Amino acid sequence: MADLQLTDDVPSAADDGVWLACIECGESFAPFEDVRYTCDHCDGLLEVRYADLPTFEDFEGEGSGVWRYHDALPFDVGVTLPEGNTPLHRVPRIEDEVGVESLRVKHEGMNPTGSFKDRGMTVGVRVAKEVGVGRLACASTGNTSAALAAYGARGGMETLVLLPAGKVAAGKIAQAALHKARILEVDGNFDQCLDIVQDLAQRGEAYLLNSLNPFRLEGQKTIGLEIMEEHYADYGEYPDRIVLPVGNAGNTAALYKCFRELVKAGAITEEQVPKLTGAQAEGAAPMVEAIEEGLDETRRWEDVETRATAIRIGNPVNAPKALPGIRETGGTAVAVSDEEITEAQRDLAGEGVGVEPASAASLAGLRKLRERGVVGDDESVVCLTTGHLLKDPDAAAEAGNDPEPVANSTEAVLEHLAEN
Ligand code: F0G
């Protein structure tokens, strides 16, 4: 079982108070000397650790966005566009309908390339420069590739992305293409693309920037910091629960790390940690299966399918970090149908919040958990929406109103409006 306890011991491998620790065997490594993604000894996942952890006071007067939180990150500044500082929308009609104490929507689609991946890439590409690698690479259901392409371009580096052929939304491919990534369309699913990229990385052919890379998760941690600060400012308390869409479970792992560090720093108590609650599509729900069956690890689903292509993932590589996160915080995981996802996407759009299908899984999941009585009416909840509506224009058009053809005159328009 993974050991995610943060200790006070600073190993000799630490560089300026930063090191990498294996969550399985506890081995420590220097952070930037060599390129490594997993433990040399046991192949366990690595986590970035710090000698000093900041509290909220340390962030005061530090500007906005991801780098406001540089005291919680391995560098003071990264390759930036800039990213973070996303809105925490109020959605009063949905809040009423769901029936919770409060509901806010943290819209990560408002990042520079339209998804939360930007928070990870601003740190990850900075690290790539530090370790001095040439080519950057990732497997992706789309958003990671768009972010990597943009941040790679910003950093003046070559990027290579492997995508499951025919299963990536149009907006995401367009972004990767225009930001000059080499796009390899693989006849396979995301998990198989990731297997290949891991092989390439192992052979020294590319620097891997999937969420297996522990530095990516450091940037994504700042979602949690922003939610905690803003929620506290608005309500005088932290949210009871955060519901988020889960694919590779990187974000779940990142949020859990955020909260562990805040507790360790004394910024919040254990009781103040929000319950991490994952939502997956029914056709790709290995995390839900593991939570429901009490498994220590996920079973790899070979066949996955969902309209929410961003989370069409059967082998969540960050499960060893994310499953304890869900369990230790008192959260849970829930599977939702594609129809429920589309309905939630429409309802969010009806409040002016435009999200891609995967993002709407969080609201769909919250609804289901309210129906089941798992989420109480006294809870304050934040739903994370991870990607922008324009990422998947086909899904948006399908879910939305149909254009109505009309003749070219004011009379014809008025007549049409009167008749329909
Ligand atoms: N939502 C969106 C819009 C995503 O693009 C992803 C992941 C997730 C949720 C799930 O996040 O993996 O941290 O659990 N997209 C990756 C990609 C896999 O390649 O863009 P996770």
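Author: A residue is called buried when its relative accessible area is under 20%. The model discussed here is a predicted one, and that cut-off applies throughout our reading of strand 3.

Reader: Which residues of strand 3 are buried on one side, and which on the other?

Author: On one face of strand 3 lie Leu46, Val48 and Tyr50, on the other Glu47 and Arg49, and all of them are buried. With 5 of its 5 residues buried, strand 3 is therefore largely enclosed by the rest of the structure.

Reader: With which strand does strand 1 pair over 5 bridges, and in which sense?

Author: Two strands are taken to pair if at least two bridges are found between them. Strand 1 pairs with strand 3, residues 46-50, in the antiparallel sense over 5 bridges. Two positions help to trace this on the model: Ala21 stands opposite Glu47, and Val18 stands opposite Tyr50.

Reader: How many residues of strand 1 are buried?

Author: Strand 1 covers residues 18-22, and 5 of its 5 residues are buried. Val18, Leu20 and Cys22 point to one side, while Trp19 and Ala21 point to the other, and both faces are covered.

Reader: What do strand 1 and strand 2 form together?

Author: They form a hairpin with 5 residues between the two strands. In its turn, Gly26 has a positive phi of about 85°. The pairing of strand 1 with strand 2, residues 28-29, is antiparallel and runs over 2 bridges; Leu20 stands opposite Phe29 there.

Reader: In what order do the 3 strands stand in the sheet?

Author: The order is 2-1-3, in an open sheet with antiparallel pairing. Strand 2 and strand 3 stand at the edges; each has a single partner strand, so one side of each is left without a neighbour in the sheet.

Reader: Let us turn to the interior. Which residues touch the most other members of the largest nonpolar core?

Author: A nonpolar core is a set of buried nonpolar residues joined through side-chain atoms within 4.5 Å. The largest one here holds 92 residues, and Phe56, Phe259 and Leu262 touch the most other members. Setting aside neighbours within four places in sequence, Leu262 is in contact with Phe56, Leu225, Met228, Ala267 and Ile268. There is also a second, separate core of 29 residues, which includes Ile94, Ala310, Val353 and Cys383.

Reader: How many residues surround the ligand, and which are the closest?

Author: The ligand is surrounded by 20 residues, of which the closest are Ser140, Thr144, Gly247, Asn248 and Thr386. Individual atom pairs can then be inspected. One oxygen atom of the ligand is 2.7 Å from an N or O atom in the side chain of Ser140, and an oxygen atom is 2.8 Å from a polar backbone atom of Thr144. A nitrogen atom of the ligand is 2.6 Å from an N or O atom in the side chain of Thr386. The protein covers 99% of the 470 Å² of accessible area that the ligand has on its own.

Reader: Is Thr159 buried or exposed?

Author: Its relative accessible area is 4%, so Thr159 is buried. Thr159 belongs to strand 7, residues 158-164. Apart from neighbours within four places in sequence, Thr159 is in contact with Leu136, Leu148, Ala149, Gly152, Lys180, Ala181 and Arg182.

Reader: Where does Ser337 lie?

Author: Ser337 lies in the loop between strand 12 (333-336) and helix 10 (338-349). Its relative accessibility is 11%, so Ser337 counts as buried. The C-alpha atoms of Ser337 and Gln280 are separated by 8.8 Å, although the two residues are 57 residues apart along the chain.

Reader: Finally, which elements do the buried residues of helix 8 pack against?

Author: They pack against strand 11 (275-281), helix 9 (319-328) and strand 12. Helix 8 spans residues 286-293 and is mostly covered, with 6 of its 8 residues buried. These buried residues are Pro286, Met287, Val288, Glu289, Ala290 and Ile291. Helix 8 is followed by Gly294, which has a positive phi near 65°.

Definitions and conventions. Residues numbered from 1 in each chain as written. Predicted model: local features only at pLDDT ≥ 70, side-chain atom pairs only at ≥ 80, totals over all residues. Heavy atoms only, no water. Buried < 20%, exposed > 50% of the residue type's maximum accessible area, 1.4 Å probe, protein only. Helix = DSSP H or I, 4+ residues; strand = E, 2+ residues; numbered from the N terminus. Contact = heavy atoms within 4.5 Å. Near = heavy atom within 4 Å. Polar contact = N/O pair within 3.5 Å; in protein donor to acceptor, adjacent residues only side chain to side chain. Areas by Shrake-Rupley, 256 points an atom, 1.4 Å probe, with all protein chains shown as cover.
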